[in-house]
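Me: I would like to learn how to read a structure feature by feature, with the general idea given before each case. Could you take me through this one?

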Amino acid sequence: MNYQINILQGLGEVKFGMAPEETTEFLGKTDEMEEIDNGFGDSITVLHFHEHGVTLFFDSLSRKLSCIAVENEAATLFGEKIFHKSEQEIVRLLVDNGFYEQDIETEAWGERRVSFGDGNIDLFFSENKLQSVTFGD
């Protein structure tokens, strides 16, 4: 599995817009599937691939991949492994690659979220260590 985060496109061979069946070609059988309410009267299908440290989110109406969460230390961004970098190093990497629209907030559960709206990507940190990356199309 290729863990290259391609902002606004997907994760390695897994691309936004794919159906659930297409993604399992690359990730194998899902460990867990759930339907969650998106708060707008629709549900989202969520596939968890624990072995890969990847969670996929599918729009219930179109059944297309719209969001990916990654917790795998092999993940790369712009060719660089990011889970061993500091918050400042990752922010610099994004800025150096043309993403500037930042929003920083501390979540209720204590993680610091750094978002880049122009890349539709959220980075979650705890004690200056990257915990997860969530990004969408």
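Me: Is Trp 109 buried or exposed?

Reply: First, a word on what we are looking at: this is a predicted model, in which local features need pLDDT of at least 70 and side-chain atom pairs count only at pLDDT 80 or more, while totals for chains, interfaces and linings use all residues. Residues are numbered from 1 along each chain as its sequence is written, and side-chain values use heavy atoms, with hydrogens and water left out. Burial is read from relative accessible area, where buried means under 20%, exposed over 50%, and partly exposed in between (1.4 Å probe, protein chains only). At 58% relative accessibility, Trp 109 is exposed.

Me: What share of the 137 residues of the protein chain counts as buried?

Reply: By that criterion, 46% of the 137 residues count as buried. For overall dimensions one can turn to the radius of gyration, taken over C-alpha atoms and set against a globule rule of 2.2 Å times the number of residues to the power 0.38. A compact globule with 137 residues would have a radius near 14 Å, and the 15 Å of the protein chain agrees with this. Along the principal axes, the C-alpha atoms fill a box of roughly 35 × 30 × 25 Å.

Me: How many helices and strands does the protein chain have?

Reply: These elements are DSSP runs numbered from the N terminus, helices being H or I over at least four residues and strands E over at least two. The protein chain has two helices and 13 strands.

Me: In what order do the eight strands of the open sheet follow one another?

Reply: Two strands pair if DSSP finds at least two bridges between them. Here the order is β4-β5-β6-β7-β13-β12-β11-β10, with antiparallel pairing. The edge strands, each pairing on one side only, are β4 (32-37) and β10 (102-106). As for the twist, it averages 20° from one strand to the next, where axes are lines fitted to C-alpha atoms (for helices over the stretch in contact) and angles run from 0 to 180 degrees between N-to-C directions. At the β4 edge, six bridges join this strand to β5 (residues 43-49) in antiparallel fashion, and Met 33 has Leu 47 of β5 as its bridge partner.

Me: Which strands does helix α1 touch where it packs on the sheet?

Reply: Contact means heavy atoms within 4.5 Å. Helix α1 (residues 20-27) touches β5, β6 (54-59) and β7 (65-70), and its direction makes about 165° with that of β6. Helix α2 (residues 87-96), for its part, lies across β10, β11 (112-116), β12 (121-126) and β13 (129-136), running at about 5° to β11.

Me: How many aromatic pairs does a search of the whole structure find?

Reply: Rings of Phe, Tyr and Trp (its six-membered ring) pair if their centres lie within 6.5 Å, and planes under 30 degrees apart count as stacked, over 60 as edge-to-face and the rest as tilted. The search finds three such pairs. One of them joins Phe 16 and Phe 135 edge-to-face, at 5.7 Å centre to centre with 75° between the planes. Because Phe 16 lies in the loop between β3 (14-15) and α1, and Phe 135 in strand β13, this pair ties together parts that are 119 residues apart in sequence. Phe 16 is buried at 14% relative accessible area, and Phe 135 is buried at 1%. The rings of Trp 109 and Phe 124 have centres 6.5 Å apart and planes at 35°, so this pair is tilted.

Me: Which residues are joined into one network by salt bridges that share partners?

Reply: Side chains of opposite charge can pair when their charged atoms come close. A salt bridge is a side-chain nitrogen of Lys or Arg within 4 Å of a carboxyl oxygen of Asp or Glu, and the structure holds eight. Among them, Arg 113 meets Asp 103 at 3.6 Å, N to O, Glu 105 at 2.9 Å and Glu 107 at 2.7 Å. The network therefore consists of Asp 103, Glu 105, Glu 107 and Arg 113, joined by salt bridges that share partners. Arg 113 and Glu 107 are both buried, whereas Asp 103 is partly exposed at 39% and Glu 105 is partly exposed at 38%.
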